[in-house]
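Work through the exercises below with the coordinates open. Each task is followed by a solution in steps.

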Amino acid sequence: MASSPVLTTRVLLVCAAIGVATGILGGIAGLITPGVLLLSPYLYGLVLGSHVLPGIIAQEVLRRPLVALVTHVIAALISSAFNPAWALRFIGTALLFGAIQEGIAALTRYRSWGAWRFFISAGVIGVIVAVVVFFAAHLAVLPLWAQIAYLVISVLGPIAWTAVGLAIGSALSRAGVARR
């Protein structure tokens with residue numbers, strides 16, 4: 001007897017719906033990024049942190065392997081429509097964030113779906129984002145207070161967005177999106 005596939009049509013459609021909605025938000029985040037970097041670069045971690053939403057919502061609703069990665073890629077493709085020049089950045093971010101979220105879920109063999117697990121992945125993403133962007137964007141030239149604010153906000157941004165994603169995912173589940 002054949003086993004049922006992990007990514008059924010229903011699962012893929014839910015991933016697509018979540019990906020489109022969060023991709024629009026990611027596209028808006030991409031559009032405001034140049035202004036944030038120009039006016040208040042220490043807030044960039046909060047903007048970039050919004051990109052954790054696709055995987056968090058998908059995993060909270062569906063609780064299955066690969067849904068974070070699939071949803072992130074769909075969201076990245078939608079975000080790319082807002083700023084095609086950043087398509088590779090959106091896709092790279094999607095693959096990185098999705099892989100981290102899937103990796104943390106895989107460590108628990110996709111059996112533990114407590115909020116703590118989502119916040120661990122958000123913390124890992126926050127630390128990676130904080131360090132990489134700090135050096136890539138040459139934020140060391142900022143005043144010390146702005147450097148510290150950037151590092152704190154970059155770590156806490158994905159954590160805050162994860163709380164938002166869990167709330168949205170929980171509401172979608174209560175609305176019956178995850179029913180079989």
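**Exercise 1.** Find where helix 1 is kinked, and check the span of the helix.

Solution. In this predicted model, helix 1 has a kink of about 40° at Ile32. The proline Pro34 follows shortly after the kink. For the span, take the 31 residues of helix 1 at 1.5 Å a residue, which should give 45 Å. The end C-alpha atoms are 44 Å apart, so the span agrees with the expected value.

**Exercise 2.** Describe how helix 3 and helix 5 pack, and classify the residues in contact.

Solution. Two packed helices are described by the angle between their axes and the distance between the axes. For helix 3 (residues 53-62) and helix 5 (residues 87-107), the axes come within 9 Å and cross at roughly 35°. Next, list the contact residues: helix 3 contributes Gly55, Ile56 and Gln59, and helix 5 contributes Gln101, Glu102 and Ala105. By class, two residues of this contact are nonpolar, three polar and one charged.

**Exercise 3.** Determine which residues of the largest nonpolar core touch the most other members, and which helix gives the most to this core.

Solution. The largest nonpolar core has 22 residues, and Leu48, Phe97, Ile125, Val129, Val133 and Leu139 touch the most other members. Helices 1, 2, 5, 6 and 7 each supply at least two residues of this core. Helix 6 gives the most, with five residues. Another core lies apart from this one; its ten residues include Cys15, Leu53, Leu62 and Val67.

**Exercise 4.** List the residues that Val133 touches, not counting residues up to four places away in sequence.

Solution. With that exclusion applied, Val133 touches Tyr44, Leu48, His138, Leu139 and Tyr150. Leu48 and Leu139 also appear among the core residues that touch the most other members.

Terms used
Residues numbered from 1 in each chain as written. Predicted model: local features only at pLDDT ≥ 70, side-chain atom pairs only at ≥ 80, totals over all residues. Heavy atoms only, no water. Axes fitted to C-alpha atoms, helices over the stretch in contact; angles between N-to-C directions. Helix = DSSP H or I, 4+ residues; strand = E, 2+ residues; numbered from the N terminus. Contact = heavy atoms within 4.5 Å. Nonpolar A, V, L, I, M, F, W, Y, C, P; charged D, E, K, R; others polar. Core = buried A, V, L, I, M, F, W, Y, C linked by side-chain atoms within 4.5 Å. Buried < 20%, exposed > 50% of the residue type's maximum accessible area, 1.4 Å probe, protein only. Expected span 1.5 Å × (residues − 1). Bend = angle between axes of the 7 residues up to and from the residue.
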